[in-house]
Amino acid sequence: MKKIDGAMYRAMVTNGYRDLMSHCKYVNDLNVFPVPDGDTGINMSTTINGGLDYIKEIDSNSIGEVADQVGKGMLMSARGNSGVILSQFFAGLAEGLSGKDEVTVPEFASALECGVKSAYSVVVKPVEGTILTVMREGVSEAKDAAHFDTSFGDFFTILVKRMQKSLDHTPELLPILKEAGVIDSGGAGLVFIIEGMGQAIGGKIIEDVSFDLKLPTHQKIDNDAFNADSELDYGYCTEFIMQLLNNRQGPEKFDINKLIAYYQTLGDSLVAFQKGTIVKVHVHTKTPSKVIDYAQQFGEFVTFKMENMALQHNETIIDKSRHIAEAVKPEIPHAASACVAVVTSENLQKQFKEYGATVVINAGINNNPGAEDFLNAYHEANADEIIVLPDNGNSMMAAKQAAKMYGEEKIHILNAKSIAQGYAAISIIDLADLSLEDNIERMNAAINNAVTLEFSKASRDAHYDGVEIKKDDNIGIVNGKIVSSNAEFLDTFFESISTVDGVDDMSILTLLTGKDFDDSSREVIESRLGDQYPLLELCFIDAGQAIYTLICTLE
């Protein structure tokens with residue numbers, strides 16, 4: 001095969017997704033720390049599946065058009081560091097394929113280089129020995145073998161072989177991988193995707209009924225909730241993706257701000273944004289016909305969904321394919337500044353709200369929020385300036401990607417790399433009485449001054465910086481470094497506390513307890529710390545997180 005079109009590209013991306021899904025657990029387990037929160041495979045799978053969602057309704061065999069939609073869908077669905085980098089790779093690849101109905105091997109190889117360049121652009125300080133290295137080295141060597149007489153099958157064989165060689169070498173470039181005895185997880189995920197894409201070219205389509213491509217499901221109608229005697233109290237949850245059309249002068253005439261202004265007169269809970277010639281809208285309205293008529297002046301719908309909210313009243317509506325969470329609630333009043341925060345449990349969601357967070361994203365277990373989650377939250381916050389509190393480096397990348405779509409000058413992402421740091425920062429926020437600058441300064445100081453301690457069960461045997469770890473041991477992590485591992489949780493807790501410099505001079509220990517934390521451990525901690533550090537105030541918060549037994553901040 002010397003040329004590929006949009007139909008083949010669609011099959012390639014689908015096969016790549018399925019290959020990754022079949023190895024998802026393996027990729028998740030390639031975790032540097034032996035903590036059971038490995039989610040690289042999940043993040044990358046969710047990201048690429050977002051691209052597949054965008055091409056379900058597209059009837060085109062143009063590789064440029066199909067690749068464009070795949071890239072857009074992945075950008076919106078990107079989760080975690082590897083997911084964001086992967087989405088940028090496919091978005092850059094789409095730019096290289098733009099305007100083409102079909103491509104040759106040299107043209108595709110050049111487009112892959114555009115993908116590598118785009119992926120590197122989102123990482124401030126690229127680290128070698130990661131997915132970026134695997135991507136760059138594989139594409140570079142494969143491009144050298146890309147000639148007009150080279151078949152796509154041969155090209156992908158070379159590409160996969162070189163990427164695998166680069167992946168195997170990642171521990172030599174990144175000492176932390178070598179010490180943990182693993183290869184880079186993001187790089188491994190990429191190799192599976194490219195391998196699956198190449199297999200599609202050779203006619204080997206990966207099929208398994210266990211794969212969930214997240215096709216739309218039909219909602220069961222509750223006749224008691226809305227019957228012949230009912231009145232339309234809540235209206236319709238209306239959501240669509242629209243393609244602006246040149247034959248209606250959509251790209252020239254359409255103004256997202258005018259749409260927002262008009263739709264605000266028709267309903268509430270409005271989320272609307274534009275990416276190129278694609279427009280995404282979510283609105284609660286009693287007059288969906290007016291919503292439709294206005295939009296169709298400029299284009300046509302790629303997807304459209306409308307649901308009677310009487311069937312959803314007092315429930316949270318979760319669209320799992322888009323990870324959008326909306327409730328029947330009034331719009332947040334406009335403000336000069338707001339705060340969007342990420343938490344890991346419902347208990348923390350309530351706590352952060354009480355402290356003053358405007359919008360709280362509940363990431364849950366192994367479900368890092370995606371770029372679209374942040375974008376929706378930014379719109380919902382309804383403020384001139386927005387402070388963002390991530391809960392780890394993964395959500396930070398997605399927050400930054402969403403900021404580029406929303407307007408980077410309005411978004412201020414703080415360097416919170418754990419839920420403990422986020423808690424320390426949110427506990428001193430004062431949006432009502434302090435300026436944006438003062439809040440950012442105070443919150444940054446809280447993040448930088450707090451010592452973070454995390455305690456979890458080891459998912460495997462490991463050796464880390466002199467600490468021998470056995471599977472199911474209780475491990476203690478202080479400021480991102482494993483310092484203790486013991487069979488007993490309390491032994492690890494007190495050993496970890498003792499490694500903190502200046503603990504005698506600290507005044508507050510906040511303990512966010514997980515689901516597995518028990519009252520007997522609390523009693524021992526209160527007693528022993530009371531004797532050892534009489535000036536240290538203990539503050540226990542029932543956070544309810546699943547993976548970590550305990551997360552603490554020392555200030």
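Two strands count as paired if DSSP finds at least two bridges between them. Keep that in mind as we start, since this predicted model offers a nice case: strand S11 (residues 383-389) and strand S12 (residues 411-413) run parallel and are joined by three bridges. Within that pairing, Ile386 stands opposite Ile411 in S12. To get from S11 to S12, the chain passes through helix H16 (residues 393-406), making a β-α-β crossover that is right-handed.

S11 has another partner as well. Strand S9 (residues 335-343) pairs with S11, again in the parallel sense, over six bridges. Here Ile386 turns up once more, as the bridge partner of Ala338. How many of the seven residues of S11 are buried? Five are, so the strand is largely enclosed by the rest of the structure.

Now let's look at helix H17 (residues 419-426). All of its residues, eight of eight, are buried, so this helix too is largely enclosed by the rest of the structure. You can click through them in turn: Ile419, Ala420, Gln421, Gly422, Tyr423, Ala424, Ala425 and Ile426.

Next come the nonpolar cores. The largest holds 68 residues, and the members that touch the most others are Tyr9, Phe90, Phe108, Phe155 and Phe156. Helix H10 (residues 185-201) gives this core its largest share, nine residues. Phe108 is a good place to stop and look around. Leaving aside residues up to four places away in sequence, Phe108 touches Ile4, Tyr9 and Met12, then Leu93, Leu97 and Val103, and also Phe152, Phe155 and Phe156. A second core, separate from this one, has 36 residues, including Ala416, Ile440, Ile475 and Ile541.

Aromatic rings deserve a tour of their own. The structure holds 24 aromatic pairs. One of them joins Phe493 and Phe494, with 5.1 Å centre to centre and 85° between the planes, which is edge-to-face. Are these two rings buried or exposed? Buried means under 20% relative accessible area. Phe493 has a relative accessible area of 0%, so it is buried, and Phe494, at 9%, counts as buried too.

The pair also belongs to a wider group: Phe455, Phe489, Phe493, Phe494, Phe517 and Phe540 form one aromatic cluster. Phe494 has a charged companion besides, as the charged end of Arg528 sits over its ring, 3.7 Å from the ring centre.

Let's finish with a couple of backbone oddities. Most residues other than glycine have a negative phi. Which way does Gln249 go, positive or negative? Its phi is positive, near 55°, and this residue is not a glycine. You'll find Gln249 in the loop between strand S3 (236-244) and helix H11 (250-253). With a relative accessible area of 42%, Gln249 is partly exposed.

Asp465 is another residue to check. Although not a glycine, Asp465 has a positive phi of about 45°. Look for Asp465 in the loop between strand S14 (462-464) and strand S15 (467-469). Its relative accessible area is 43%, so Asp465 is partly exposed.

Methods: Residues numbered from 1 in each chain as written. Predicted model: local features only at pLDDT ≥ 70, side-chain atom pairs only at ≥ 80, totals over all residues. Heavy atoms only, no water. Core = buried A, V, L, I, M, F, W, Y, C linked by side-chain atoms within 4.5 Å. Buried < 20%, exposed > 50% of the residue type's maximum accessible area, 1.4 Å probe, protein only. Helix = DSSP H or I, 4+ residues; strand = E, 2+ residues; numbered from the N terminus. Contact = heavy atoms within 4.5 Å. Phe/Tyr/Trp six-rings, centres within 6.5 Å; stacked < 30°, edge-to-face > 60°. Lys NZ or Arg CZ within 6 Å of the ring centre and 35° of its normal. Right-handed = clockwise from strand over helix to strand, strands pointing away.
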